Amino acid sequence: MHDDCEFCRIVAGEQAAHVLYEDERTLAFLDENPATPGHTLIVPRAHAEEVVTADEPTAAAVFETVRTVATALESVLEPDGFSVFHTSGPLVGSVDHAHVHLVPRRTDDDVRLSLSRTPLEPDAAADLTGRVRSVL
């Protein structure tokens, strides 16, 4: 546990949260500033700064909890869909504890997750594919 980590304090029960689900590796609780009703954060119990650099069992457990909680939220809220996302590095925000956002969506909600997109350039794609595959 990191004493200065808000999510570690929630995991330890030292800070209040509306916990929806917990198991031996993860905890899922309502975001205190939700984008939509049911906006949930899924965190590993062990402090890790990013899901993508956590050990494989921890990362797998986080995404299994995403699936479990999404199924429950689907049943209770009947949303039109979900947005599931994780950011890493300096984009994480104010909490340096790995977490995944699970956001129930409705066609008329105000959530905007917009990506500026351009067509895939075949030569650049082939180059990137080769470089990534060489390290996998």
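Which residues does Asp 23 touch, not counting residues up to four places away in sequence? Asp 23 touches Arg 45 and Thr 65. A touch is a contact, meaning heavy atoms within 4.5 Å. Asp 23 lies in the loop between β1 and β2. Asp 23 and Thr 65 are 42 residues apart in sequence, yet their C-alpha atoms are 8.6 Å apart in space.

**Basis**

This is a predicted model: local features need pLDDT of at least 70, side-chain atom pairs count only at pLDDT 80 or more, and totals for chains, interfaces and linings use all residues. Residues are numbered from 1 along each chain as its sequence is written, and side-chain values use heavy atoms, with hydrogens and water left out.

**Overall build**

The protein has three helices and five strands. Both kinds of element are DSSP runs, numbered from the N terminus: helices are H or I with at least four residues, strands are E with at least two. From the N terminus on, the order is α-β-β-β-α-β-β-α. The C-alpha atoms fill a box of roughly 50 × 40 × 25 Å, taken along the principal axes.

Buried residues make up 35% of the 136 residues. Buried means under 20% relative accessible area, exposed means over 50%, and partly exposed lies in between (1.4 Å probe, protein chains only). The accessible surface comes to about 8,900 Å², and 52% of it belongs to carbon and sulfur atoms. These areas come from the Shrake-Rupley method with a 1.4 Å probe; for residues, only the protein chains shown count as cover.

Among contacts with a separation of 6 or more, 54% link residues 24 or more positions apart. The protein has 10 positive and 24 negative charges, and their mean positions are 5 Å apart. Lys and Arg count as positive and Asp and Glu as negative, while His and the chain ends are not counted. Each charge is placed at NZ of Lys, CZ of Arg, CG of Asp or CD of Glu.

**The sheet**

Five strands form an open sheet in the order β1-β2-β3-β5-β4, with antiparallel pairing. The edge strands are β1 (19-22) and β4 (81-85), each pairing on one side only. Neighbouring strands are turned by 20 degrees against each other on average, direction ignored. Two strands pair if DSSP finds at least two bridges between them.

A hairpin joins β1 to β2 through three residues. Three bridges join these antiparallel strands. Five bridges join β2 (residues 26-30) to β3 (residues 40-44), again antiparallel. Four of the five residues of β2 are buried, so β2 is largely enclosed by the rest of the structure.

The partners across these strands include the following.

| Residue | Partner | Strand of partner |
|---|---|---|
| Val 19 | Phe 29 | β2 |
| Tyr 21 | Ala 28 | β2 |
| Phe 29 | Leu 41 | β3 |
| Leu 30 | Thr 40 | β3 |

Phe 29 appears twice: Phe 29 is the bridge partner of Val 19 and stands opposite Leu 41 in β3.

**Helix α2 and its end**

Helix α2 (residues 56-77) lies across β1, β2, β3, β4 and β5 (100-105), running at about 20 degrees to β5. Axes are lines fitted to C-alpha atoms, for helices over the stretch in contact, and angles run from 0 to 180 degrees between N-to-C directions.

Leu 73 sits in helix α2. Is Leu 73 buried or exposed? Leu 73 is buried, with a relative accessible area of 10%. Leaving aside neighbours within four places in sequence, Leu 73 is in contact with Gly 38, Thr 40, Glu 78, Pro 79, Phe 82, Leu 102 and Pro 104. Leu 73 and Gly 38 are 35 residues apart in sequence and 7.1 Å apart in space, C-alpha to C-alpha.

Glu 78 belongs to the loop between α2 and β4. Glu 78 is exposed, with a relative accessible area of 57%. Its backbone stands out: Glu 78 has a positive phi of about 50 degrees although it is not a glycine. Most residues other than glycine have a negative phi.
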